[in-house]
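Biologist: Could you take me through one part of this model in detail? I would like to look at a pair of packed helices and then at what lies along the chain on either side of them.

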Amino acid sequence: MSNKYLVIGPPGTGKALYYKARILTPKGWVRASTVKEGDLLFDMNGDPTKVIGVYPQGRRQLYTVTFSDGTQIKCDLNHLWVVRVLGKSYFSIETTEWMMEQKSPVMIPLTQPIQFPGNNHIGAKLSKRLLYGPVKARQFYINELLSTGVKEISLPTSHQAKILRDLFRGLGYYATMEKLFDRFIVRPRVDVRFKVVTRIEKWKEAEAVCFKVDSPSETYIIDGYTVTHNTTYVKRQAERAAEKHNVLLLSYTQAAAKEMGRRIENCKAGTIHSVCYHLLDKPDVLEGEWLDKWNEAYPKYRVGYKDEDGFETATLGARLLNSIMLDRVNMRSVARDMPQKFDFYRKWNQFKQEHNLVDFCDMIEAVYRRGLMPPNRPDVIFIDEAQDLSLLEMRLVEMWASRAKVSLWVGDKLQSLYAWRGAHPDILNPQLVPQENVRTLGQSWRVPRVPQQYAVKWVCDKIPDAHYYTQYKPTDKDGFVKKVLHTVQCPD
């Protein structure tokens, strides 16, 4: 059986929460539909967290998740949760669909005390002002109440009972509320740290939305002070693999690799170049000051300079170097019948040899030629943004993957941006992978209906196998496509 898996991820695919769900912010509860990028929410540690992505999902089939404290959340089957199964000692990130399939009770952790801003001196009256006050003031009120040994609190109005119930929940306590005759009863449990999923039922199709936050825990708080999660498909799979395997995460950019390494514990993350750089004992690279020295030594072939506006300007040397690198990443010989190009190549290699330097392509070629494996011999390899790998990079990663137990290649051929530097998006051809090993993420977070229809028609007319990459649903927004005369070079 093949150990290679392919995940096709169209633009903005993911999970969904009901657009009228309540989201906790420093100013209180708001509807999910009103949350904007840059807004502050709270994470499961009670700390503020910034929204860094808002992705309308359009109409989705939603389900009602009911918890033991009476809270009900409406979301789709792909929505993610921090969970623990009864009898297990660890938490994991799982979907609503996964929770439905479990035979043992599934538990959701309670939040830590919510760190609302404000003045500690707000009085001891049960009110919304106290509910959204600082932890110290809220905890003082609760301690006074609990010091009497009370197990339940009877209040005359629903409004008062809801405030008291939420006062407990906002401090990380388990609390329920019910009506008993003409009174409202609040029952706190200071010894309970979880609430249990009691029922999941199909609801209806409705508008939905998804958020991404910058919290290290990737969580935020929704109705009933319930902890919920945001993450990516690749991250969830990597975390699962890391529980039992030695995992290597490869990404195209340093920024993406750094972010993956920060967010996923027990995994090695890096770019292909960075892995090769360390395998070769950190050689000196022809960049930075060495590039300045090259320009001084060969002014005819200088590879770039800054113009008066501070932009890198293409030169003869830059064009020749780009052409040579394109040959090399495509594993082609540099043409000897192009005298100027070959003269540059000869001088470039001579300069590297004289100063004991390598360029980025040298590192990949050397590691591939010598058959070097990444440190600790990973048995699971994730390749993100795989559509932007060059042929040379692909051959190297395939060599690494052939010696691993599993490789997961994630990307979308139609989102390849680096053909100009040798990207080979055809490596994501689903016909080259057993169909049981192919998964397409089928719902976009951010592509509206009209642009999606326009784009799908355009690519299907031009790319023979485009249908493999266009089988995803757009959001429920119409959007629009408009012809403009402006370009990047001429924005005015």
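Modeller: Happy to; here is the helix pair, followed by its surroundings in the chain.

Please keep in mind that this is a predicted model. For orientation, the chain has 492 residues, 49% of which count as buried, and its secondary structure comes to 13 helices and 23 strands. Among contacts between residues at least 6 apart in sequence, 67% join residues at least 24 apart. The chain exposes about 25,600 Å², with carbon and sulfur atoms supplying 51% of that area.

Now to the pair itself. Two packed helices are described by the angle between their axes and the distance between the axes. Here the partners are helix 8, residues 289–297, and helix 10, residues 339–355; their axes come within 12 Å and cross at roughly 125°. Angles from 65 to 115 degrees would count as roughly perpendicular and those over 145 as roughly antiparallel, so helix 8 and helix 10 are oblique to each other. Their crossing is right-handed. On the helix 8 side, the contact is made by Trp 290, Leu 291, Lys 293, Trp 294 and Ala 297. Helix 10 contributes Phe 344, Lys 347, Trp 348, Phe 351 and His 355. Sorted by class, this contact has seven nonpolar residues, two charged and one polar.

Next, let us look at the loops. Asp 281 sits in the loop between helix 7 and helix 8, and Met 331 is in the loop between helix 9 (316–329) and helix 10. Most residues other than glycine have a negative phi. Asp 281, though not a glycine, has a positive phi near 60°, and Met 331 likewise has a positive phi, of about 60°, without being a glycine. As for accessibility, Asp 281 counts as exposed because its relative accessibility is 67%, with the cut-off for exposed being over 50%. Met 331, at a relative accessible area of 41%, is partly exposed.

Finally, consider helix 7, residues 272–279, where you will find Val 275. Is Val 275 buried or exposed? Its relative accessible area is 9%, and buried means under 20%, so Val 275 is buried. Leaving aside neighbours within four places in sequence, Val 275 is in contact with Leu 250, Pro 374 and Trp 400. You can also follow the chain from Val 275 to Val 367: these two are 92 residues apart along the chain, and their C-alpha atoms are separated by 9.5 Å.

Technical notes
Residues numbered from 1 in each chain as written. Predicted model: local features only at pLDDT ≥ 70, side-chain atom pairs only at ≥ 80, totals over all residues. Heavy atoms only, no water. Axes fitted to C-alpha atoms, helices over the stretch in contact; angles between N-to-C directions. Helix = DSSP H or I, 4+ residues; strand = E, 2+ residues; numbered from the N terminus. Parallel < 35°, antiparallel > 145°, perpendicular 65-115°, else oblique. Left-handed = near helix turned anticlockwise from the far one by under 90°. Contact = heavy atoms within 4.5 Å. Nonpolar A, V, L, I, M, F, W, Y, C, P; charged D, E, K, R; others polar. Buried < 20%, exposed > 50% of the residue type's maximum accessible area, 1.4 Å probe, protein only. Areas by Shrake-Rupley, 256 points an atom, 1.4 Å probe, with all protein chains shown as cover.
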